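Here is a short briefing on one structure. It covers a strand, an interface and two unusual backbone angles.

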Amino acid sequence: MAAESPSSVRKVVVHLRATGDAPILKQAKFKILGSDKFAKVIDFLRRQLHRDTLFVYVNSAFSPNPDELVIDLYNNFGFDGKLVVNYACSMAWG
Amino acid sequence: MEAQKYVWDGAIPLQIHLHESQILAPRIGYLPLLASLLKPYFSSTLPPGVDTIWFDYNGLPLKWYIPTGVLFDLLCAEPERPWNLTVHFRGYPGTVLIPCEGEDSVKWSYINSLKEAAYIMNGNCKNVMNMSQSDQLELWHSVMNGNLETYQRVSSKLKLATVEDEHTSLCSSKSQQGFGETDLAGQVKTGRVPVRLYVWSVSEDFDDLEDMPKVDSWEKISYINRPVEIHKEDKCFTLHDALKILVPEFFSNDLMNVKSAGVDFEDALRIPSEDVSSDKVVEDHVQNAYEHREACSISSSAEIKLIRIQGIEPKLEIPFSWVVNNLMNPDYFLHICVCVKVPQQNST
């Protein structure tokens with residue numbers, strides 16, 4: 001088992017924002033374990049929206065690698081106590 | 001009659017290795033980009049269908065978005081030359097590897113890493129987003145083809161913050177491009193260096209690299225993304241300093257290090273150690289440390305066994321700025337492989 005740091009048991013608030021013609025979720029804010037990978041957010045969106053093809057970004061800027069940890073993304077790119085994740089059905093920011 | 005059906009339906013999965021051919025895979029490249037080199041050898045033998053190339057090393061499917069050199073440094077404790085990989089064209093392990101649709105997927109992953117690096121350094125990735133299509137393509141091709149000249153020419157247009165070398169900052173007292181200052185384009189340079197850290201934790205002890213256990217699962221490797229902030233006042237910021245920021249949990253034993261003068265027993269007992277389960281253990285360890293007068297790390301905390309960057313095991317006293325400027329990947333990230341020995345977890 002990889003050594004765990006105290007930050008890995010923390011939960012991160014993720015704010016999911018629709019972009020373009022993507023459907024808006026009824027509930028857009030969620031808490032997720034910091035030790036989870038970004039893939040979990042992507043999978044969650046796919047299931048909620050019933051779409052396989054989704055483009056998922058952080059801060060409307062870039063698409064993180066699905067293996068990146070949510071806690072790292074929050075620490076590096078979060079603000080106002082949350083991580084903003086944008087999703088689109090077609091490529092929004094090439 | 002049914003038995004015969006079973007016999008005819010039976011099949012054995014085969015894996016065919018590439019024997020004599022060796023190909024050179026650029027350190028800064030990515031494995032799926034080798035597909036065009038490899039396919040000619042196999043195309044005639046593949047059954048019809050869609051090819052999605054993937055590789056494994058000792059049974060471990062290789063994550064394609066990790067640069068080839070990093071995979072080698074991480075997984076091949078004792079560098080193996082040539083590196084024996086198995087190539088697959090079918091049966092993509094979707095549960096272990098994220099999907100890859102050839103060159104486009106790799107390019108997408110690269111450009112996004114570059115944007116992420118830009119965001120870390122500048123607080124936004126406008127410069128990458130505003131690249132012309134032809135520049136973006138040229139940049140990508142330079143990475144694919146390992147063309148450093150082209151890469152430097154195109155990437156310099158991005159005006160991504162680079163770390164000032166210790167030498168230049170000490171020599172020219174009038175250097176304006178400091179960290180935290182705004183440049184002409186109005187972008188704040190934060191002095192933050194993007195780092196991707198791959199930490200491999202082992203619990204067994206070993207003396208030689210060849211005795212190191214093989215990585216058989218990605219669960220054993222932590223993929224950490226933490227930037228390192230370099231402060232302008234810090235004239236002598238070393239790789240060691242950077243690592244203490246990146247993985248402070250592996251440097252707690254520095255506090256317990258016994259210098260040749262011996263340790264103050266009271267002080268050592270007061271320092272908390274997260275892995276110590278009882279006071280008795282602390283006492284024992286401190287006693288041992290006190291007896292060994294040379295510097296040593298108390299075995300109750302994690303111990304760094306190996307640090308590798310671009311195939312080098314750098315001395316920790318090297319200025320971090322040199323490491324960044326010379327060893328970073330084309331995505332402006334510094335990829336560092338660390339092997340750590342953690343204490344055996346006691347089962348409760």
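**Strand pairing and the interface in brief**

Strand S5 (residues 195–202) of chain B pairs with S6(B) in the antiparallel sense, over five bridges. The model is predicted. Chain B also meets chain A, with about 2100 Å² buried between them.

**Strand S6 of chain B**

- Within the pairing, Val199(B) has Ser222(B) of S6(B) as its bridge partner.
- Strand S6 spans residues 221–225 of chain B, and five of the five are buried, so the strand is largely enclosed by the rest of the structure.
- Cover is found on both faces of S6(B).
- One side carries Ile221(B), Tyr223(B) and Asn225(B), all buried.
- The other side carries Ser222(B) and Ile224(B), also buried.

**Interface of chain B and chain A: extent**

- On the chain B side, 26 residues are in contact with 23 residues of chain A.
- Of the roughly 2100 Å² buried between the two chains, 53% lies on carbon and sulfur atoms.
- In chain B, the most area is lost to chain A by Trp108(B), Glu116(B) and Tyr119(B).
- Together these three account for 26% of what the chain B side buries.

**Interface of chain B and chain A: contacts and make-up**

- Two salt bridges cross the interface of chain B and chain A by the rule used.
- Arg196(B) forms a salt bridge with Glu68(A); their closest N and O atoms are 3.1 Å apart.
- Eight residue pairs are in polar contact across the interface, both residues at pLDDT 80 or more.
- Helix H4 (103–122), S5 and S6 of chain B are the elements that each give two or more residues to the side touching chain A.
- H4(B) supplies the largest share of that side, seven residues.
- The chain B residues on that side divide into 12 nonpolar, six polar and eight charged.

**Positive phi outside glycine**

- Lys159(B) is not a glycine, yet its phi is positive, about 50°.
- Lys159(B) sits in the loop between helix H7 (148–156) and helix H8 (166–171) of chain B.
- Is Lys159(B) buried or exposed? Its relative accessible area is 55%, over the 50% cut-off, so Lys159(B) is exposed.
- Gln310(B), a residue other than glycine, also has a positive phi, near 50°.
- Gln310(B) lies in the loop between strand S8 (303–308) and helix H12 (320–327) of chain B.
- Is Gln310(B) buried or exposed? Its relative accessible area is 19%, under the 20% cut-off, so Gln310(B) is buried.

Conventions
Residues are numbered from 1 along each chain as its sequence is written. Chains are lettered from A and ligands numbered from 1 in the order in which they are written. This is a predicted model: local features need pLDDT of at least 70, side-chain atom pairs count only at pLDDT 80 or more; totals for chains, interfaces and linings use all residues. Side-chain values use heavy atoms; hydrogens and water are left out. Buried means under 20% relative accessible area, exposed over 50%, partly exposed in between (1.4 Å probe, protein chains only). Helices (H or I, at least four residues) and strands (E, at least two) are DSSP runs, numbered from the N terminus. Two strands pair if DSSP finds at least two bridges between them. Contact means heavy atoms within 4.5 Å. Buried area is the accessible area (1.4 Å probe) that two parts lose on being put together, summed over both. A salt bridge is a side-chain nitrogen of Lys or Arg within 4 Å of a carboxyl oxygen of Asp or Glu. A polar contact is a pair of N or O atoms within 3.5 Å; within protein, one must be able to donate a hydrogen and the other to accept it, and residues adjacent in sequence count only if both atoms are side-chain atoms. Ala, Val, Leu, Ile, Met, Phe, Trp, Tyr, Cys and Pro count as nonpolar, Asp, Glu, Lys and Arg as charged, and the others, Gly among them, as polar.
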